Amino acid sequence: MNHTTHCRARRGGLRSAALLGAMAVTFLMLAGVVWLAMRQAPTSDSSGAPAPPDITQIGPNQRTRQLGGSVRMQVRVVDKQDPTRAVGELIAARSTPLEGKRYALEEPQVWIYLDGGRRLWLSARRGQALFPDFAGSRPEDGIIEGDVLGRLFEARADGAEPDPHRDVPLLTLRTDVVRFDLRLGEVRIPGELTVEGDSVSFAGAQVLAVLNEASERIELLRIEQTHRLTIRPEARAKRTPTSLASDTPPEAAAPAAQPKPTPIETLYTAIIQGDVNISQSGRSLSAAQLDVWLRLIDQALPPDAVAPLARITPPTPSPVWPSLLPSIAALHFASIEPVALSPADTTPPDSTIELRWSGPMELRPLDETPPQLARNHVYVHASSPDGTLVRLHDAPQKLTALGQSAQYGATRREGTLTGEPAHIEREGTGYASAGTFSFDLTEGVVTTAGGGTLAAHNGDSQRRVDWADSARLTILSDDTGAPRSISAAHLKGEVLATDGSGRIGGDELLARFEPSDPADASSPAYLHTLNVTGHARAADGNDGSLESESLLIGFTPRAGDAAGQSDPTRIEARGTVAAASGTDRLRAQRLIADISPPTDDTPATVQSAVAEGGVRFERADGVFATGDHLVAHPGPQTVRITGETASVGQGESAAFGSHIDLNGEARTLAISTPGRIEHLQPGADGQPPMRLYVSWTESMTFNDATGLGRCVGDVSALAVQGDLARDTLTGHLVELALERVADNEKPEPAPHAAHTENEPPSLLSGNRRLVWSRAEGADAQHPAKIELRRYASQIAPSPDQPPAADEARLERLLYLEGGQVLVDHLASAVEIPTAGKLLVLDRRASADQPQQTSPRDPLPTTQTARGTALFTWAASARFDQSSGVAVLRENATMVHAPHDGGERIDLQCETLTAHMDQPAPQPSGAEPGGLRSAVAQGDVWLRMGQKELSSDLLTYDAARRRAEATGTAPGRVTAFDPANGAPITATRVIWDMAADRFQLIGLDQPIVSPR
């Protein structure tokens, strides 16, 4: 008799009639949940494997027996909805009825037909089950015991039933006792249980499973003790269905097309407690508790439930232990150094997984989707509620992470590491710490919340970076998609990076990395740019510093063995830039510097620097430069400063122009535009300082080595000393010679003050004095001029405007002009090698002075001369300011107008020597005074009013208004008085102009002409 028991059809891997089969599937699912390691189970519509056999295809020679006292029993279980479809089979060597509708079974065997063509075979020494209604019933509770053995087989290629004793199973289950109660949906294994297979190995005890047939899900799975769980994904990936029963399997018939059923979604959560430890190929995770959430479709993980960490071509398995630590730890090198992650480390040769825990494991279904599964099919949370720390270790990468919890969403490849703070360390390299590390491996991003620290501890390194708000890291991947190195790091909030001496900081820091070989994306990454914004600041650890609103640093990769390392080659600071080096200071709105990388023999050096916007450079010795734009080349020591009001100088001495060039090697200063110089020369012995103002309309050059300066184009040099003196030198071209003066006011011999190799250009620096000057006129109508003015009362001289006071305040004036004017400032002498003019004005009130004589002026005088004297000459002139002597050559003339209103005096001669009145000598040099006397030689002609006098030699005493003329021979002196009607000749003539009379000497009796 053929007895058939029906059961409801299932689409998933759980069959209520296959109790031990359900346990096997449960353990397989557990392994996949915990480790995310098992490949997704094939669904019934996609496997291509043969379906469970149709009962109408079972041949008549297959014997069946009813339950009862029989030698052999065989019961087929069919689908309750489709009686023609078998879903299992029960075979026993003997069945014995017991009371209460129970039956004892000897050597029971059970075949369970699973979706996808898989078969589960179970056997035991004995068993007992309750069949409440034998006809068409199924067992409700019972026990199987004594060497319980289960084997799970793949579908055979020939469609035949597996041979449980010859074919190689996927899994083998062993235990001693299995209790079941289908009324409650419970399956218990009170003793030890082992599950062995190519890809999984489990050993544990005290297992409880509660099954829900109506909802087709596991309501509870609890394992009190777990000894070990081992997953070998490589074995599963490489395994193919094999058969020992047939050498040449026949072609399998193509399955008939079946309508695709509606998938059933089941949500689960699992909790594993007590010293949880997971390890694989040198990577491990330890925690006090592991929580797992998963979403099953038709009781299996969907194909995309566990996203691989890298795109690996089958049959090589995807790495099942997420090597996330290198991705997180790469953040450490954002400001310190780049790190390369080897693809070999991400896909280890041995991917065996070991899982151990000491407490219970419990799995339950969920009625609503939890937040953990909102974006993932599988989510894992490792924590330590007992106060211990979660520890992740990656030996290939030498990385360790510690925190209070770690979470990972396997579908979206997202996770977090949280602690107080969380800590990630790379052996021999450094560590990172933050409150939370969050990572998204799909997007290649790692972020932190709150403040954090990155620090290096390899060798003597003291590199460290801290931030207060957040950090974001972007990961570079290799060709397989595995994380290789970082692409960018963005830190926010009071960022400060240091190497123990130097430091860099700001509100935000963004570091970008590039492959060291542009043609090879897998080459080691190097730090490409570093961008600091918001109160950026940097210091070199010595005496250099830089502050600005933003700071951008560009790097160049090192070659050879230093691949992955880089050196700064360009720095750009913007916004209120303040740079300092030692005692040097630079301010601007923008600063750009190009740097040459260091070599084995030379350190890194600045090749060029550009400053823009309100540029001002200052040095401790008073040297400064200002302008709108500055370009400097430290190698050749050249600096170009441009701007509407550009300047360079020292202290209160400066040169101004719109285009200034300095050359430190040549020690030259050039201004190719209109400009001016302002120079302060300290006074001596209590005298006021002298201020020098020089302006021009074309150009100016100055050589610091020679002390020579040259100005071209309407040049005006004004020297102002105190409030009563103004000296002016003008011409189309003016040359000046300056020399350095030591502290004791003695000039130093040439070459001038020492100039060290590293000293920046220091033009117009140091205490200097004017040695000589030369002026040239543009043409005859625009001669060179020198003018010395002295005022009677206090004024405020200006280099731009003449004195505002009226000329009545002008007391003394000395004016010279000519094609050229040469001034020897040390000798207080002026030479004019061309035709020119000399004007002397003295408006001081008359005062008696002691009688004095001079070797050059033999006439005694008792009073000073006052008035105006104008001299001209045709060849040359020299004026010695210290002695007050002027020598005029060739066709010299003099016009003297006494200050007291006396008649004008006109004088002509070949050579004229004039003696000027000199006030009390001043430390700064002689002071200009009025005409005191003059000596005329050669064709002398003198006139006052209508009277004239001619001779070969004539001496004129301007103070006493007296002239004495002599001739080289008797009769060579001629005096003419219109009142006498005819000229009078004599050897010597004295003309008393105040008395208006001639005294003729050279006759026997002197003749005095009447008035």
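Select Arg943 to begin: in this predicted model, Arg943 is partly exposed, with a relative accessible area of 31%. Add Asp906 to the selection, and you will find that the two side chains meet in a salt bridge, at 3.8 Å from N to O. This pair links distant parts of the chain, since Asp906 belongs to strand S54 (residues 905-916) while Arg943 belongs to strand S55 (residues 931-944), 37 residues apart. Asp906 counts as buried, at 11% relative accessibility.

Next, select Arg222, Glu224, Glu362 and Arg364, which are joined into one network by salt bridges that share partners. Within this group, Glu362 forms a salt bridge with Arg364, where the closest N and O atoms are 2.8 Å apart. Glu362 counts as partly exposed at 22% relative accessibility, and Arg364 also counts as partly exposed, at 39%.

Move on to Arg789 and Glu787, whose side chains meet in a salt bridge of 2.4 Å, N to O; both Arg789 and Glu787 are buried. Across the whole structure, a search finds 40 salt bridges.

Turn now to the aromatic rings, for which a search of the whole structure finds four pairs. One of them is formed by Tyr408 and Phe439, which are stacked, with 6.3 Å from centre to centre and 25° between the planes. Tyr408 lies in strand S21 (residues 405-409) and Phe439 in strand S23 (residues 430-440), so that the pair links distant parts of the chain, 31 residues apart. Tyr408 counts as buried at 8% relative accessibility, and Phe439 is buried with a relative accessible area of 6%.

Finally, select Arg676 together with Phe656: Arg676 lies over the face of Phe656, at 3.9 Å from the ring centre.

Note on methods:
Residues numbered from 1 in each chain as written. Predicted model: local features only at pLDDT ≥ 70, side-chain atom pairs only at ≥ 80, totals over all residues. Heavy atoms only, no water. Phe/Tyr/Trp six-rings, centres within 6.5 Å; stacked < 30°, edge-to-face > 60°. Helix = DSSP H or I, 4+ residues; strand = E, 2+ residues; numbered from the N terminus. Buried < 20%, exposed > 50% of the residue type's maximum accessible area, 1.4 Å probe, protein only. Lys NZ or Arg CZ within 6 Å of the ring centre and 35° of its normal. Salt bridge = Lys/Arg side-chain N within 4 Å of Asp/Glu carboxyl O.
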